[in-house]
Amino acid sequence: MTQPLWQKSNIKIDAKIMQFLAGDDVLLDREFFLHDITASKAHVEGLANIGVVDADEVAALKRELDALADDFASGAFVLDERHEDGHSAIEARLTERLGDAGRRVHTGRSRNDQILVATRLWLKDKLGALETHCRAIAQICLDRAAQPAVPLPGYTHLQRAVVSSTAMWFAGFAEGFIDNALRARQTMALIDANPLGTAAGYGVNLKLDREHTTQALGFARMQLSPIYAQLSRGKFEMAVLEAIGGALLDLRRLAWDLSLFTTAEFNFVKLPAEYTTGSSIMPNKRNPDVIELLRASYASVAAARTEIEQLLSLPSGYQRDLQFSKGSIFHGVRHGLMALELVPDLLARFGWNEDAMRAAIEPAMYATDVAIEQAAAGVPFRDAYRAAAEAAASAGQGRTPERSLAARVSPGAGNDLRLDELHARLRALDD
């Protein structure tokens, strides 16, 4: 391992303690390494603006940082156990190539604000991906909601309740994922603050050009208080996981529907073959494993959020406990986005079994229509309700699913889906 940045003379480093301290840090830092390099370039430019490095040094430092990024991307440079973490690797490389100029690169910053800004940039990228996936899911749902509606039983308490339709089903998830995309956008506004230049949480005795680094790194604002920069670590990560978790809660319910609808007992949905797997012992089986794992994916994100929440039982200021948050955000965010990315193609390609859905619509499912019609004619609703309940078995006489849906004119219901309004909400995210 290269010498730690904090190494003092006459202090022996115990290998086992060092291994415990490092943990998986250097492996996890591979995920954030390119962002760390990007932030280092902005920091070097800021140092040049206040005269800490000269023009030749800043040009050389930026050149070597670009070369390191290229080598990392190509595999020529591997971030491994030779380094304590990604920050140490960057400084060691610059010092090896540039001598004193490399030793100046850490002036005015701490590994605390260095990892804060690298993870903050990474989180912004992931929120962008979250919004993209949610918008794609919403668009597919709107496209399929616009197709001719097929009657579908509507359930409450997992019991047949009223007539619904495929269009209503898709419109419901479309609106949910439009909201999820909006939440990603709102979470982006929360975390879009530059912590670089807050050092170890108390600032430094240099007039750092934080305005420059804020603009150069594309942040909307500067995170002013060094103390709050440390307080926000974990808080902002949890906000991102909550945004992903919100989308996965909707996905969990969608996946639950499809899990039920693909059973022989329902037989409402046929999945593309690619979304099923075979059994290792039962030759007759095709299992909806993808849907089941989509249904389970919320648990990974919720666990990551909970782990960070437990780490935050801390006083103000930096505490080493927070090192463990890297693994939580990496695994939670990565798994959540992988799950969401699969959904648009699944929704676009699965098929409905219209005959099975129609056969599942029974006469009593029209009882609500009967009660509402009588109430509209002047019968007190509770009296109409009781009469419809007593005659529920014959409520479907002379009725069809199509007529029931056509009469459903309350805003958002079967004959007034308001798809144009949902399209407008989705388009508004382009602004």
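Partly exposed means a relative accessible area between the buried limit, under 20%, and the exposed limit, over 50%. Keep those cut-offs at hand for the stops below. The model on screen is predicted.

**Stop 1: the whole chain**

Show the full trace first. Along its principal axes, the C-alpha trace spans about 90 × 55 × 40 Å. Colour by secondary structure, and 17 helices and eight strands appear. The radius of gyration is 29 Å, well over the 22 Å that the globule rule gives for 431 residues, so the protein is more spread out than a compact globule.

Now colour by burial. Of the 431 residues, 46% are buried. Switch on the surface. The accessible area comes to about 21,200 Å², and carbon and sulfur atoms hold 53% of that area.

Next, colour the charges. There are 47 positive and 56 negative charges, and their mean positions are 2 Å apart. Contacts tell a further part of the story. Take those between residues at least 6 apart in sequence: 77% of them join residues at least 24 apart.

**Stop 2: the domains**

Select 15–107 for domain 1, 112–360 for domain 2 and 363–399 for domain 3, as the domain assignment gives them. Colour each one separately. Then look at domain 2 and domain 3: their centres, taken over C-alpha atoms, are 42 Å apart.

**Stop 3: Ser164 and His157**

Select 159–165. This is strand 2, and Ser164 lies in it. Is Ser164 buried or exposed? With a relative accessibility of 14%, it is under the 20% limit, so Ser164 counts as buried.

Show what surrounds Ser164. Leaving out residues up to four places away in sequence, Ser164 touches Val150, Pro151, Leu152, Pro153, Gly154 and Leu405.

Move to His157. It sits in the loop between strand 1 (151–156) and strand 2. His157 has 76% relative accessibility and counts as exposed. Draw a distance from His157 to Gly332. They are 175 residues apart along the chain, and their C-alpha atoms are separated by 31 Å.

**Stop 4: two residues with positive phi**

Most residues other than glycine have a negative phi. Two exceptions are worth selecting.

Go to Ala199 first. Its phi is positive, about 55°, although the residue is not a glycine. Where is Ala199? It lies in the loop between strand 3 (193–194) and helix 8 (210–216). Ala199 is buried, with a relative accessible area of 5%.

Then select Arg418. Here phi is about 60°, again positive in a residue that is not a glycine. Arg418 also belongs to a loop, between helix 16 (401–407) and helix 17 (419–428). Its relative accessibility is 35%, and Arg418 counts as partly exposed.

**Stop 5: Glu354**

Select 354–359 to bring up helix 13, which holds Glu354. How does Glu354 count for exposure? At 35% relative accessibility, it is partly exposed. Add Gln397 and draw the C-alpha distance. Glu354 and Gln397 are 43 residues apart along the chain and 21 Å apart in space.

**Stop 6: Arg386**

Finish at helix 15, residues 381–390, where Arg386 is found. Why does Arg386 count as partly exposed? Its relative accessible area is 46%, which is neither under 20% nor over 50%, so Arg386 falls in between.

Now add Ala371 to the selection. From C-alpha to C-alpha, Arg386 and Ala371 are 8.3 Å apart, with their positions 15 residues apart in sequence.

Methods. Residues numbered from 1 in each chain as written. Predicted model: local features only at pLDDT ≥ 70, side-chain atom pairs only at ≥ 80, totals over all residues. Heavy atoms only, no water. Domains from an automatic or database assignment. Helix = DSSP H or I, 4+ residues; strand = E, 2+ residues; numbered from the N terminus. Rg over C-alpha atoms; globule rule 2.2 N^0.38 Å. Buried < 20%, exposed > 50% of the residue type's maximum accessible area, 1.4 Å probe, protein only. Contact = heavy atoms within 4.5 Å. Areas by Shrake-Rupley, 256 points an atom, 1.4 Å probe, with all protein chains shown as cover. Lys, Arg positive; Asp, Glu negative; His and termini not counted. Charge placed at Lys NZ, Arg CZ, Asp CG, Glu CD.
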